[in-house]
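Reader: I'm new to reading structures, and I'd like a close look at one part of this one. Could you take me through the salt bridges and then show me what sits around them?

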Amino acid sequence: MIKLKSYIIRFYIPIIILLLLGYTAKINWGNGQWDNVLEADAKGYYAYLPALFIYDDLNFQFYDEVEVQNAYDTTLTYDYRAYYNEKCVNKYFVGESVLLMPFFIVAHFTSGISGSPTDGYSRLYVISVTIAALFYLLCGLLALKKTLELFEFSNRTIFIAISALVFGTNLFYYSVGEMGTTHVYSFSLISIFIYQMTKYFQSLHVKHILYGALFLGLIILIRPINGIVIFSIPFLSLNINRLNEGFRKYLSRPDIIALSIGIVLAIISIQLIIYWIQTGSLFVYSYGEEGFNFSSPQLLNFLFSYRKGFFLYTPIALLSLLGFIYLRTDRFKFITLFLFLLLVVYVLSSWWMWYYGGSFSSRVMVDYLPFFGILLCLLLKGVSELKVRYAFLGLLFLFVILNQVQTLQYRYYIIHWSDMNKETYWQTFMDISPIIDRKTVE
């Protein structure tokens with residue numbers, strides 16, 4: 001038994017991925033299920049790949065012929081195209097397609113030799129997206145684990161925190177439910193960026209600056225607003241002296257400065273080149289009248305509303321904030337992390353549609369869950385009294401159950417995809433009887 005526990009602690013991340021692979025295969029790979037994976041925003045993030053490799057059409061005129069034909073439920077047909085100076089562009093950014101490219105190529109080759117349609121939207125292509133999401137989740141979790149080890153948390157604490165993040169937050173849903181959106185990919189890249197920056201300030205090896213620049217460029221290429229992750233660097237430097245020393249080392253190397261900036265710009269230029277091909281302009285704002293209203297952030301709604309409140313639907317994140325109690329003796333870490341998370345919430349809650357349309361909890365906060373993982377580890381490490389520790393572990397377990405039930409409710413439309421309210425929330429709280437009844441009929 002002791003040996004089994006040791007193996008679980010050692011290999012739990014691959015075990016988690018295998019469990020999720022089985023789950024995603026069950027709900028996404030079967031007939032009548034796989035065709036719903038690429039819906040809404042996911043259509044746009046993915047469309048660059050068939051546009052480039054199959055249709056040679058970066059103005060997406062193939063949409064009418066192919067995508068509508070593959071929309072088995074016409075109520076889900078979603079046109080991701082926008083227009084700039086009368087030229088057609090994809091409303092969404094290319095970053096996710098860049099990460100999906102190797103999986104798409106394998107799916108395209110496999111479809112060709114197996115006789116499956118090679119239109120970019122048949123079953124093997126969709127399955128490749130589900131596998132890609134779990135691959136990048138694996139990368140993100142491994143990077144987060146290494147970061148938490150740099151913070152000198154115990155293996156047991158890291159195991160509990162990572163397991164809680166995967167199964168007790170909306171990271172679970174966006175890894176196996178709507179994996180065509182950007183959030184699991186952003187979670188992964190931000191986790192890796194956090195590790196590289198933390199490692200740099202501990203070791204002062206400039207290679208970590210270059211790796212950090214690579215992943216920062218990809219983070220921006222997927223969701224430009226996530227470039228604000230750069231403001232987490234003071235916290236990741238661990239203390240003010242190390243921050244100053246790290247910046248002095250960086251500023252003393254003009255070659256590293258030029259190379260790191262060049263890496264970021266080279267990656268971002270992928271999107272600019274696409275815009276140039278599409279419109280003749282390098283800079284295009286494809287979201288039209290949609291934008292941020294920084295003078296009127298919806299902070300309370302964003303965090304606590306029944307519609308999509310992050311802390312209401314993801315209470316593990318709220319619980320993790322108690323980790324700040326154990327940062328109070330380190331004023332630098334406390335202030336830098338608090339201000340960074342405040343900046344994230346302020347910026348994201350300033351989007352014109354603060355609830356971000358159809359989503360489970362606040363989907364944009366999935367990207368920043370690694371920081372809540374750090375706070376959760378601080379909480380678990382700091383609670384020394386056995387009874388209190390067991391109470392927190394029990395609460396974590398209950399929140400995991402809550403997340404799993406509500407994820408199921410969301411999948412079966414008991415929790416409304418967009419317009420949830422207080423009355424409906426409490427009427428349906430933890431109620432899965434409609435799902436059981438439906439399964440019984442089936």
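Author: Sure, let's start with the term itself: a salt bridge is a side-chain nitrogen of Lys or Arg within 4 Å of a carboxyl oxygen of Asp or Glu. Keep in mind that this is a predicted model. By that definition, the structure holds 10 salt bridges.

Try the definition on a simple pair. The side chains of Arg 253 and Asp 255 meet with N and O 2.9 Å apart, so they count as a salt bridge, the cut-off being 4 Å. How covered up are the two partners? Arg 253 has a relative accessible area of 29%, so it counts as partly exposed. Asp 255 is partly exposed too, at 43%.

Now for a pair that reaches across the chain. Asp 419 forms a salt bridge with Arg 307, and their closest N and O atoms are 2.7 Å apart. This one links distant parts of the chain, 112 residues apart: Asp 419 is in the loop between α18 and α19, while Arg 307 is in the loop between α13 (299–304) and α14 (310–313). Asp 419 is partly exposed, with a relative accessible area of 44%. Arg 307 also counts as partly exposed, at 24% relative accessibility.

Salt bridges can also join up into a network, and here Asp 64, Asp 79 and Arg 81 are linked that way.

The next pair is the one to zoom in on. Arg 223 and Asp 367 meet through their side chains in a salt bridge, at 3.8 Å from N to O. Arg 223 lies in the loop between α9 (207–222) and α10 (233–236), and Asp 367 lies in the loop between α16 (331–348) and α17 (369–382), so the pair ties together parts that are 144 residues apart in sequence. Are these two buried or exposed? Both Arg 223 and Asp 367 are buried.

Who else is around? Have a look at Ser 186, which has its place in helix α8 (residues 183–203). Leaving out residues up to four places away in sequence, Ser 186 touches both partners of that bridge, Arg 223 and Asp 367, along with Ile 222 and Asn 226. Ser 186 has a relative accessible area of 2%, so it is buried as well.

Ile 222 brings us to another residue, Tyr 185. Not counting neighbours within four places in sequence, Tyr 185 is in contact with Ile 222 and others, including Glu 96, Leu 99, Val 129, Tyr 136 and Met 179. Tyr 185 also belongs to the largest nonpolar core, which has 142 residues; Tyr 185 is among those that touch the most other members, together with Tyr 46, Leu 137, Ile 162 and Phe 371. Helix α5 (residues 123–150) gives the most to this core, with 13 residues. In soluble globular proteins, nonpolar side chains tend to be buried together.

Let's finish back at the surface. Leu 395, Phe 397, Leu 398, Ile 401, Trp 426, Phe 429 and Met 430 form a nonpolar patch there, with about 660 Å² of accessible area together. Helix α18 (residues 386–411) gives the most to the patch, with four residues. One of the patch members, Phe 429, is found in the loop between α19 (422–427) and α20 (433–441). Phe 429 is partly exposed, with a relative accessible area of 35%.

Notes. Residues numbered from 1 in each chain as written. Predicted model: local features only at pLDDT ≥ 70, side-chain atom pairs only at ≥ 80, totals over all residues. Heavy atoms only, no water. Patch = residues over 30% accessible without salt bridge, like charges linked within 9 Å, V, L, I, M, F, W, Y side chains within 5 Å. Areas by Shrake-Rupley, 256 points an atom, 1.4 Å probe, with all protein chains shown as cover. Helix = DSSP H or I, 4+ residues; strand = E, 2+ residues; numbered from the N terminus. Buried < 20%, exposed > 50% of the residue type's maximum accessible area, 1.4 Å probe, protein only. Contact = heavy atoms within 4.5 Å. Core = buried A, V, L, I, M, F, W, Y, C linked by side-chain atoms within 4.5 Å.
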